[in-house]
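Subject: Handover of a structure and summary of findings

Dear colleague,

Please find below the structure that I am handing over to you. I would be grateful if you could read the summary after it with the coordinates open.

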Amino acid sequence: MSLLAVGLSHRTAPVSLLEAFSVAPVDVPKTLHELTRSEHVGEALVLSTCNRVEVYVDVDKFHGGLFDVTAVLARHAGTDVSALGDHLYVHYEDAAVHHLFRVAAGLDSMVVGESQILGQLRTAYAVAVSEQTVGRLIHELAQRALSAGKRAHAETGIDKAGASVVSLALDAADDTLGTVAGRSAVVVGAGSMGALSGATLRRRGVGDLVIANRTAANAARLAATLSARAVGLDDLERVLADADLLISSTGSTSLVVPVDLLERAVAGRAGRPLVILDIGLPRDVDPAAAELPGVTYVDLDALRDAVSQSASGADIIAATDIVTHEAGAYLGWQRAVEVAPTVAALRAQATAVVDAELARLDAKLPGLDTRTRSEVAHAVRRTVSTLLHAPTVRVKQLAESPGGDVYAEALRELFGLAPAAVDSVTAVDPSEPPEARS
């Protein structure tokens, strides 16, 4: 089995396509099971964020696995695979590992160094574990990727140098409003992005702040932490009449702020500017809002064009070095694990040969005393073990290098190890924590 990564992101696809293929949290379990029921897929993890939709699977065949994954994505989006066109990217084996590690470190994000992706990957992994769609390969892969991401943020300044999507959105608002300081703002959504938006607005000195959410209790909880007011979505039109800024990211799969609501809200504003920042995926606000008088509409597509990667070159290089080292360490571990059953099968075969020869000796020399037989048996076992030690240790070392799997294959061919004998050996218990392995 081999790792295959299939996805589309802000780098390859417009927001409209990302919206169509995004997988809402409630749909992730169903998608995971649909993937693992496919002919060529063993394990599966789905990472769906505001900037990317990626599937990581363990497959027995590259082309078969790619067909299975794209078919599931297309069915979920209610479209044909051809809609993915050139927007899809595919990484296989080592390249897939390096890609996920870069994603975890924030090196592939819309804003280099943003740390939200770590939490999103952690959640994606937890859901896959809960749904029992991960085994040894993705179990270890996800844990190592999360560890690499944490190292990159802890040991470099990449997260400080790179602004969040929220900060970039507010920078865009400053272009119209001059500054958000002292302005009136409405945040739609009381989830993690809503909380981040509200906290960033407070740091920038916003004046009146309103949290609007479908569930009033959730809005009230967030508002209490931000010294803000809480309203339900039914009151959104009223509070927008006096607001300078609307920022929305709810995670809803349908429009939350329709254009007719906005038309009514801005009707009495006499052209006073209203900036709408839609950082949801799918979009929360009807894009037709951009045509309303006095309204400046900014979505993720506009932000992508305006993004300035502010992380310093030194921090990017340092984080990349960490990712390269951690990915290399993981790949070395993976190759060593893959060769372990071959080594174990060779030792088992050697043990069987020794046992057969000792049994033959007993038949030829039935009068051999117990002490002598024990000494002979010990000498034979020690000789065989000594002969096998150097090649088995060396093949483990060689296996950790790129292309090292050929050495395990050579060992199987040289000693005539049957595939069934190798497959019957359990190399690693997937439930065993990584730190317990050595």
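The following paragraphs describe the chain as a whole, then its two sheets, one loop residue and one pair of packed helices.

Please note at the outset that this is a predicted model. The chain holds 17 helices and 10 strands. Of its 438 residues, 47% are buried. Taking contacts between residues at least 6 apart in sequence, 74% join residues that are at least 24 apart.

The four-stranded sheet

One open sheet consists of four strands in the order 2-3-1-4, and its pairing is antiparallel. Strand 2 and strand 4 (89–92) form the edges, each pairing on one side only. On average, and with direction ignored, neighbouring strands of this sheet are turned by 15° against each other.

Strand 3 (residues 52–59) has pairings with both strand 1 and strand 2, as follows. With strand 1 (residues 2–9), strand 3 runs antiparallel and is joined by eight bridges; within this pairing, Leu8 has Val53 of strand 3 as its bridge partner. With strand 2, strand 3 pairs in the antiparallel sense over six bridges, and the two strands form a hairpin with three residues between them. Along the hairpin, Ser48 has Val53 as its bridge partner in strand 3, Leu47 stands opposite Glu54, and Val46 stands opposite Val55. Val53 of strand 3 is thus listed as the bridge partner of Leu8 and of Ser48.

As to burial, strand 2 (residues 41–48) is mostly covered, with six of its eight residues buried. For strand 3, eight of its eight residues are buried. How are the residues of strand 3 divided between the two directions in which they point? Arg52, Glu54, Tyr56 and Asp58 point one way, while Val53, Val55, Val57 and Val59 point the other way, and all are buried.

Two helices may be noted against this sheet. Helix 3 (residues 62–77) lies across strand 1, strand 2, strand 3 and strand 4, and runs at about 35° to strand 1. Helix 5 (residues 116–130) also packs on the sheet, where it touches strand 2 and strand 3; the direction of helix 5 makes about 145° with that of strand 2.

The six-stranded sheet

A further open sheet has six strands, in the order 7-6-5-8-9-10, and its pairing is parallel. Its edge strands are strand 7 (229–232) and strand 10 (295–299), each of which pairs on one side only. Here the average turn between neighbouring strands, direction ignored, is 20°.

Within this sheet, strand 5 (residues 185–188) and strand 6 (residues 209–213) run parallel and are joined by four bridges. Ala185 has Leu209 of strand 6 as its bridge partner. Helix 10 (residues 216–226) lies across strand 6 and strand 7, and its direction is at about 155° to strand 6.

Arg183

Arg183 is located in the loop between helix 8 (165–177) and strand 5. Is Arg183 buried, partly exposed or exposed? Its relative accessibility is 28%, so Arg183 counts as partly exposed. Leaving aside neighbours within four places in sequence, Arg183 is in contact with Leu177, Val206, Gly207, Asp208 and Asp244. One of these residues, Val206, is 23 residues away from Arg183 along the chain, yet their C-alpha atoms are separated by 5.3 Å.

Helix 4 and helix 6

Two packed helices are described by the angle between their axes and the distance between the axes. For helix 4 (residues 94–104) and helix 6 (residues 136–155), the angle is about 45° and the axes are 8 Å apart. Helix 4 is therefore oblique to helix 6. The crossing of helix 4 past helix 6 is right-handed.

Which residues make this contact? Helix 4 contributes Val97, Leu100, Phe101 and Ala104, and helix 6 contributes Leu141, Arg144, Ala145, Ala148, Gly149 and His153. By character, the residues of the contact divide into seven nonpolar, two polar and one charged.

Yours sincerely

Terms used:
Residues are numbered from 1 along each chain as its sequence is written. This is a predicted model: local features need pLDDT of at least 70, side-chain atom pairs count only at pLDDT 80 or more; totals for chains, interfaces and linings use all residues. Side-chain values use heavy atoms; hydrogens and water are left out. Axes are lines fitted to C-alpha atoms, for helices over the stretch in contact, and angles run from 0 to 180 degrees between N-to-C directions. Angles under 35 degrees count as roughly parallel, over 145 as roughly antiparallel, 65 to 115 as roughly perpendicular and the rest as oblique. A crossing is left-handed if the near helix is turned anticlockwise from the far one by less than a right angle, and right-handed if clockwise. Contact means heavy atoms within 4.5 Å. Ala, Val, Leu, Ile, Met, Phe, Trp, Tyr, Cys and Pro count as nonpolar, Asp, Glu, Lys and Arg as charged, and the others, Gly among them, as polar. Buried means under 20% relative accessible area, exposed over 50%, partly exposed in between (1.4 Å probe, protein chains only). Two strands pair if DSSP finds at least two bridges between them.
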